[in-house]
Amino acid sequence: MTALSDNMKIFEHLMFWLDPYDTGPWYFNKKWIMALFVAAVGALLYFYGLELTDKIYRVIFYFPLIMPTHEAGHAIACRLVCSGELCEPFAKTINHFICIYNATFFQSLWPCIFFVYFLRHHQPKAADFCLFWLGISFTASRTYIADARELVLPLIGQVETGIPDIHDWHQMLDMLGWLEHDILISKIYYGVGCAFIALSIYCLIYHIKNYRPIPEAPFFKEW
């Protein structure tokens, strides 16, 4: 019981650090309504919203947010893991896998960082935008993953030696032996993205409807 109590205290402190103003979706009333909304809107987006999410990604998110963070993920991983040199294509080593996947990880990491930042500074609507950004990051990966076998997408940095050498998901799925499952994995990524988008819409509606003025800051809120 003591260990459980200690773990609960650690969790409570962590939640207070993460969300000192209790504005995150985990504090919403009637969570069953939120779950139904996310399921319904997420399903609508999944089955009928591909063109819409793709247009939002290309027009609003690609150049200012997704592409820079994606490519920065490659550069940082290569600097830290591969001593500043690009890994040999198809090397099939753990270092090479990290260098490749870090780009996808990095483009989803930034919205999470800003989500926490805005929660801690009592800016819930900005945090809701970060959830939307995270959802678009996942849905944007759908086309890239689904192209792992076809290799028809024009890619940044394409060289004459062929697209497979620089196609992230072709290499990663090939290393894992999952290349034939590229369509399934792309659908999973798209489904997760639709869920985050639906959650962001619900959170925004909730925060507009239940607006609260900024309370006095907790004593250790500032970073």
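Is Lys-30 buried or exposed? In this predicted model, Lys-30 has a relative accessible area of 55% and is therefore exposed, since the cut-off for that class is over 50%. The residue lies in the loop between H1 and H2. Its phi is near 50°, a positive value in a residue other than glycine. Most residues other than glycine have a negative phi.

A positive phi also occurs at Leu-151, which is not a glycine and has a value of about 55°. Leu-151 is placed in the loop between H5 and helix H6 (168–176). In contrast to the exposed Lys-30, Leu-151 has 17% relative accessibility and so counts as buried. A further positive phi, of about 50°, is taken by His-122 just after H4.

The overall fold consists of seven helices and zero strands, and along the sequence the pattern reads α-α-α-α-α-α-α. Of the 223 residues of the protein, 41% count as buried. Among contacts between residues at least 6 apart in sequence, 74% join residues at least 24 apart.

Nonpolar side chains in soluble globular proteins tend to be buried together. In the present model the largest nonpolar core has 29 residues. The residues with the most contacts inside this core are Phe-28, Met-34, Tyr-57, Phe-61, Phe-115, Ile-136 and Leu-199. Two or more residues each are supplied by helix H1 (2–18), helix H2 (31–48), helix H3 (50–81), H4, helix H5 (124–146) and H7. The most is given by H7, with eight residues. For Leu-199, leaving out residues up to four places away in sequence, the residues touched are Pro-25, Met-34, Val-38 and Leu-131. A second core, separate from the largest one, has 13 residues, including Phe-138, Ile-145, Trp-169 and Tyr-189.

Three of the residues named for the second core, Phe-138, Trp-169 and Tyr-189, also belong to one aromatic cluster, together with Phe-97, Tyr-101 and Phe-196. Elsewhere, the charged end of Arg-142 sits over the ring of Tyr-190, at 5.5 Å from the ring centre.

A pair of aromatic rings is described by the distance of the centres and the angle of the planes. The count of aromatic pairs in the model comes to 20. In one of them, the rings of Trp-110 and Phe-114 have centres 5.9 Å apart and planes at 35°. The angle falls between the limits of 30 degrees for stacked and 60 for edge-to-face pairs, so this pair is classed as tilted. Both residues belong to helix H4 (residues 94–120), and because they are four residues apart, about one helical turn separates them. Trp-110 is partly exposed, at 29% relative accessibility, and Phe-114 is likewise partly exposed, at 31%.

A second pair is formed by Tyr-202 and Tyr-206, whose ring centres are 6.5 Å apart. The planes of these two rings meet at 25°, under the 30 degrees that limits the class, and the pair is therefore stacked. Tyr-202 and Tyr-206 lie four residues apart in helix H7 (residues 182–209), so about one helical turn separates them. Tyr-202 is buried, with a relative accessible area of 11%. Tyr-206 is also buried, at 18%, because the value falls under the 20% cut-off. The two pairs thus share the four-residue spacing within a helix, but the H4 pair is tilted and the H7 pair stacked.

Helix H4 has further local features. It bends by about 35° at Asn-102. Ser-108 is also found in this helix, and is buried, with a relative accessible area of 13%. The side chain of Ser-108 makes a polar contact with the side chain of Ser-137, at 3.0 Å. Apart from neighbours within four places in sequence, Ser-108 is in contact with Leu-134, Ser-137 and Phe-138. Of these partners, Phe-138 is also included in the second nonpolar core and in the aromatic cluster.

Terms used: Residues are numbered from 1 along each chain as its sequence is written. This is a predicted model: local features need pLDDT of at least 70, side-chain atom pairs count only at pLDDT 80 or more; totals for chains, interfaces and linings use all residues. Side-chain values use heavy atoms; hydrogens and water are left out. Rings of Phe, Tyr and Trp (its six-membered ring) pair if their centres lie within 6.5 Å; planes under 30 degrees apart count as stacked, over 60 as edge-to-face and the rest as tilted. Buried means under 20% relative accessible area, exposed over 50%, partly exposed in between (1.4 Å probe, protein chains only). A charge sits over a ring if NZ of Lys or CZ of Arg is within 6 Å of the ring centre and within 35 degrees of the ring normal. A polar contact is a pair of N or O atoms within 3.5 Å; within protein, one must be able to donate a hydrogen and the other to accept it, and residues adjacent in sequence count only if both atoms are side-chain atoms. Contact means heavy atoms within 4.5 Å. The bend at a residue is the angle between axes fitted to the seven residues ending there and the seven starting there. A nonpolar core is a set of buried Ala, Val, Leu, Ile, Met, Phe, Trp, Tyr and Cys residues joined through side-chain atoms within 4.5 Å.
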